[in-house]
Amino acid sequence: MAVLSASASATVMLMILSNLIYVIFSDPICQPTYPPDAIPVYEEDRDLLQFAENLEFLEAEFFLWGALGHGLDGIAPELAMGGPPPIGGQKAKLDFLTENIITEFAYQEVGHLRILESTVGGIPRPQLNLSAPNFASVFDAAFGYALMPPFDPYHDSLSYMLASYVIPYMGLVGYVGANPIINGYQSKRLLAGLLGVESGQDAVIRMYLYERAKEVVHPYHHTVAEFTIRISELRNRLAMCGIKDEGIIVPLELGAENRTESNVLSANTDSISYSRTPGEILRVVYSSGDEHVPGGFYPNGANGRIAQEFLKKP
Ligand SMILES: *[C@@H]1O[C@H](CO)[C@@H](O)[C@H](O)[C@H]1NC(C)=O
Ligand SMILES: *[C@@H]1O[C@H](CO)[C@@H](O)[C@H](O)[C@H]1NC(C)=O
């Protein structure tokens, strides 16, 4: 044993030394290596990721206008690929905290559009309707009657965050839905990275609202929690595929392990994110309940092959 241990410790010393030399003299590997025959982006990946660009445009423009008072045309006009500027975007009246959050989200969306366009090619920015009356009609549909005065997302920080509740979540569930049918290693890398940040944005918005869940949204007689529940229910109705969207307070059977009414994150019975198809998403963001009938945030419809094919077949 003693003899063995002398040679063993010599071996250990050598190993430590050689590791040290390796660390000092070699470049550490920081990128995964892909099999030599792996394909970075498949043709089908392109369609799905270009579909996602429609949602990224909506987020980019809504956040840029809300935080800075101007849109993509003032920051990176080339990313619009010649598409028209949005209708009705405005600087929102935001407090310091909210403005910082939304400014960060806005620039994140610019990055998302840039990487999407350089990876799968850009689509022209679709016509977007960011006007206060369009948000008001979404909230009226959610409550089933006309809120008075009409809901105005640009009025203050809480209104803006309630309006924001409407947006990144659709990107999140869309990426989860696209994931199983995306194949290229570069497409998958991109999708995971986009999904990570979209769900982070959604979580920040939901946490902000959760902290205020019991507050009444002045001058309406509904709490913040109720607003989120009504919006989530509206989206479930429009998408017509069951419950895939939950407010920040839920009945126990929708909470984590059927044990919480608190629902900071929206997730299914195994607490994994819900998933939606492009058709479901369009039914919601068109506010029409029909992927063949544009409207809502996209008065002329979304761009790219997937959305355009729905528009050709009414
Ligand atoms: C934007 O939405 C509002 C409210 O629905 C609507 O009145 C207006 O006509 C829309 N604008 C366009 C260009 O579709
Ligand atoms: C929660 O309830 C649903 C039915 O509402 C059931 O299908 C599910 O298994 C339950 N989950 C747990 C962890 O008990």
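Q: Ala, Val, Leu, Ile, Met, Phe, Trp, Tyr, Cys and Pro count as nonpolar, Asp, Glu, Lys and Arg as charged, and the others, Gly among them, as polar. With that in hand, how do the residues of the shell around ligand 1 divide?
A: Keep in mind that this is a predicted model. Ligand 1 has I87, N129, S131, P133, N134, S137 and P299 around it. I87, P133 and P299 belong with the nonpolar ones, while N129, S131, N134 and S137 go with the polar ones. So the shell splits into 3 nonpolar, 4 polar and no charged.

Q: And how do the residues of the shell around ligand 2 divide?
A: Here the surrounding residues are E253, E257, N258 and T269. E253 and E257 are charged, and N258 and T269 are polar. That makes no nonpolar, 2 polar and 2 charged.

Q: Is N258 buried or exposed?
A: We just met N258 around ligand 2, and it sits in the loop between α8 and α9. Its phi is near 60°, a positive value in a residue other than glycine. A residue with 12 or fewer other C-beta atoms within 10 Å is exposed. N258 has 10 such neighbours, so it counts as exposed.

Q: Which other loop residue between α8 and α9 has a positive phi near 60°?
A: Most residues other than glycine have a negative phi. In the loop between α8 and α9 (278-285), there is a residue that is exposed, with 12 other C-beta atoms within 10 Å. Its phi is positive, near 60°, and it isn't glycine: it's M240.

Q: Where does the cis peptide bond with an omega of about -10° sit?
A: Most peptide bonds are trans. The proline in this cis bond, P149, lies in the loop between α4 (132-143) and α5 (157-164). The bond itself joins M148 and P149.

Q: What is omega for the cis bond between H218 and P219?
A: P219 lies in the loop between α7 (185-210) and α8 (224-239). A cis peptide bond joins it to H218, with an omega of about 0°.

Q: How many helices does the chain have?
A: Reading along the sequence, you get α-α-α-α-α-α-α-α-α-α. There are 0 strands in the chain, and the number of helices is 10.

Q: What share of the residues counts as buried?
A: The C-alpha trace spans about 90 × 45 × 40 Å along its principal axes. The chain has 314 residues, and the buried share of them is 42%.

Q: Which helix gives the most to the largest nonpolar core?
A: That core holds 78 residues, and A52, F63, M170, L209 and V285 touch the most other members. The helix covering residues 43-68 gives the most, with 13 residues, and that helix is α2.

Q: Which residues does A52 contact, leaving aside neighbours within four places in sequence?
A: A52 is one of the core residues that touch the most other members. With the sequence neighbours set aside, its contacts are L116, G171, G174, Y175 and A178.

Q: What arc do the buried residues of α10 cover around the axis?
A: The buried residues of helix α10 (residues 305-312) are I306, A307 and F310. They lie on the same side of α10, because they cover an arc of only 95°.

Q: Which exposed residues are on the face of α10 turned away from its buried side?
A: The buried residues of α10 have cover that includes α2 and α9. The face turned away from them carries R305, Q308 and K312.

Technical notes: Residues numbered from 1 in each chain as written. Chains lettered and ligands numbered in written order. Predicted model: local features only at pLDDT ≥ 70, side-chain atom pairs only at ≥ 80, totals over all residues. Near = placed C-beta within 6 Å. Helix = DSSP H or I, 4+ residues; strand = E, 2+ residues; numbered from the N terminus. Buried ≥ 20, exposed ≤ 12 C-beta atoms within 10 Å, placed from the backbone. Core = buried A, V, L, I, M, F, W, Y, C linked by C-beta atoms within 7 Å. Contact = placed C-beta atoms within 7 Å. Arc of directions from axis to C-beta.
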